[in-house]
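Visitor: Please take one part of this model and lead me through it slowly, starting from a single place in the chain and then following whatever connects to it. I am a first-year student, so I would like the reasoning spelled out as you go.

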Amino acid sequence: SIIGFDMDSVADTELRNEQCLNCHSGGERIQWHGSMHNLQDLSCSDCHNPMAKFSQSGLLREQSVTGVCFDCHQQQRQEFSKRSHMPVLEGQMSCVDCHNPHGGNADPLLKETTVNSVCYNCHAEKRGPFLWEHAPVRENCMNCHQPHGSNHEFLLNTARPFLCQQCHSHLRHPNDLQTTAGLPGGAAPDERLLNRSCQNCHSQIHGSNHPSGVRMHR
């Protein structure tokens, strides 16, 4: 009748988890049933070790939350190693600052109902409201940014001006389709693509409250 919590235990996952949830059923774990990790047949003991103290809190199997997550999420581990990344490897934040591993209101286990709401917890200056809004910003921060890491500055999905041209192209001067030849190291450098590229003029890309900021100029 003794229930084992190691990987070789004959007790099924549901039975092992119920032992934990008898006491730990509230708070962040209230949405465990039906969550992504629950549906993947993940056991509490896959992340926690109730018999030893390897971490400062949470009785984790590793020294940190990030270390536990990286055991399974190898792709995210690689993304955090890119040139521009969230400061997770530096210990300034951890996976649980954005995700609730025990369940959430939105995939992938976000602590808020939308991606933007998660981002606004730290980037409140981007929340608005703005007099002139940039539609893709209001829709989803991930339209332009990678949440974990990118080889482009500011975690951008791709380099400027090519990121902007995914929506803005072939509309005369403001949105002429620019190529690599127009970049500073190209064959025909274009002054509009130097330094911050489109943001040389359109500096308020997240939104503007200036009466003349309809083009995000100011």
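Guide: Before we begin, one term has to be settled: helices here are DSSP runs of H or I with at least four residues, strands are runs of E with at least two, and they are numbered from the N terminus. The model you are looking at is predicted, and every value I mention has been computed from it.

Let us start at D41, which sits in the loop between helix 2 and helix 3, the latter covering residues 44-47. The backbone at D41 has a phi near 65°, a positive value in a residue that is not glycine. To judge that value, it helps to know that most residues other than glycine have a negative phi, and that most peptide bonds are trans. The surface side of the story can be reasoned through as well: D41 counts as exposed because its relative accessibility is 51%, and the cut-off for exposed is over 50%.

The side chain of D41 leads us to its partners, since a negative surface patch is formed by D12, E14, E18 and D41. A residue must have over 30% relative accessible area and no salt bridge to belong to a patch, and E14 serves as a second example, because its relative accessibility of 59% makes it exposed. E14 is found in helix 1, which spans residues 13-21, whereas D41 lies in a loop, so that members of this patch come from separate elements of the chain.

If we go back along the chain from D41, we come to I30, which is placed in the loop between helix 1 and helix 2, where helix 2 covers 36-39. I30 is exposed, because 63% of its area is accessible in relative terms. As a way of seeing how the chain spreads through space, the C-alpha atoms of I30 and Q76 are 26 Å from each other, with these positions 46 residues apart along the chain.

Going the other way, we reach C47, which is partly exposed because its relative accessibility is 23%. You might expect a cysteine to be paired, but the structure holds zero disulfides. For C47, the nearest cysteine sulfur is that of C72, at 6.7 Å, and C98 is likewise in no disulfide, its nearest cysteine sulfur being that of C122, 6.7 Å away. These distances leave the cysteines unpaired, because a disulfide requires two sulfur atoms within 2.5 Å.

The positive phi of D41 has a counterpart further on, at F154, where phi is about 55° although the residue is not a glycine. F154 belongs to the segment after strand 2, and it counts as exposed because its relative accessibility is 52%.

Beside F154 in the numbering is E153, whose side chain meets that of R160 in a salt bridge with 2.4 Å from N to O. The two ends of this bridge fall into separate classes: E153 is partly exposed, with a relative accessible area of 32%, while R160 counts as buried because its value is 12%, and buried means under 20%. R160 has a further feature, in that a cis peptide bond joins it to P161, with omega about 5°. P161 is placed in the segment after strand 2.

Another cis bond runs from G128 to P129, with omega near 5°, and P129 lies in the loop between helix 6 (115-120) and helix 7 (135-139).

The remaining salt bridges complete the charged part of the picture, for the count comes to three. One of them links K126 and E125, whose closest N and O atoms are 2.6 Å apart; K126 is partly exposed at 25%, and E125 is partly exposed at 49%. Another joins the side chains of E133 and R138 at 3.0 Å, N to O, with E133 partly exposed at 41% and R138 partly exposed at 34%.

To return to where we began, D41 brings together a positive phi, a place in a loop, and membership of a negative surface patch with D12, E14 and E18.

How values were computed:
Residues numbered from 1 in each chain as written. Predicted model: local features only at pLDDT ≥ 70, side-chain atom pairs only at ≥ 80, totals over all residues. Heavy atoms only, no water. Patch = residues over 30% accessible without salt bridge, like charges linked within 9 Å, V, L, I, M, F, W, Y side chains within 5 Å. Areas by Shrake-Rupley, 256 points an atom, 1.4 Å probe, with all protein chains shown as cover. Salt bridge = Lys/Arg side-chain N within 4 Å of Asp/Glu carboxyl O. Lys, Arg positive; Asp, Glu negative; His and termini not counted. Charge placed at Lys NZ, Arg CZ, Asp CG, Glu CD. Buried < 20%, exposed > 50% of the residue type's maximum accessible area, 1.4 Å probe, protein only.
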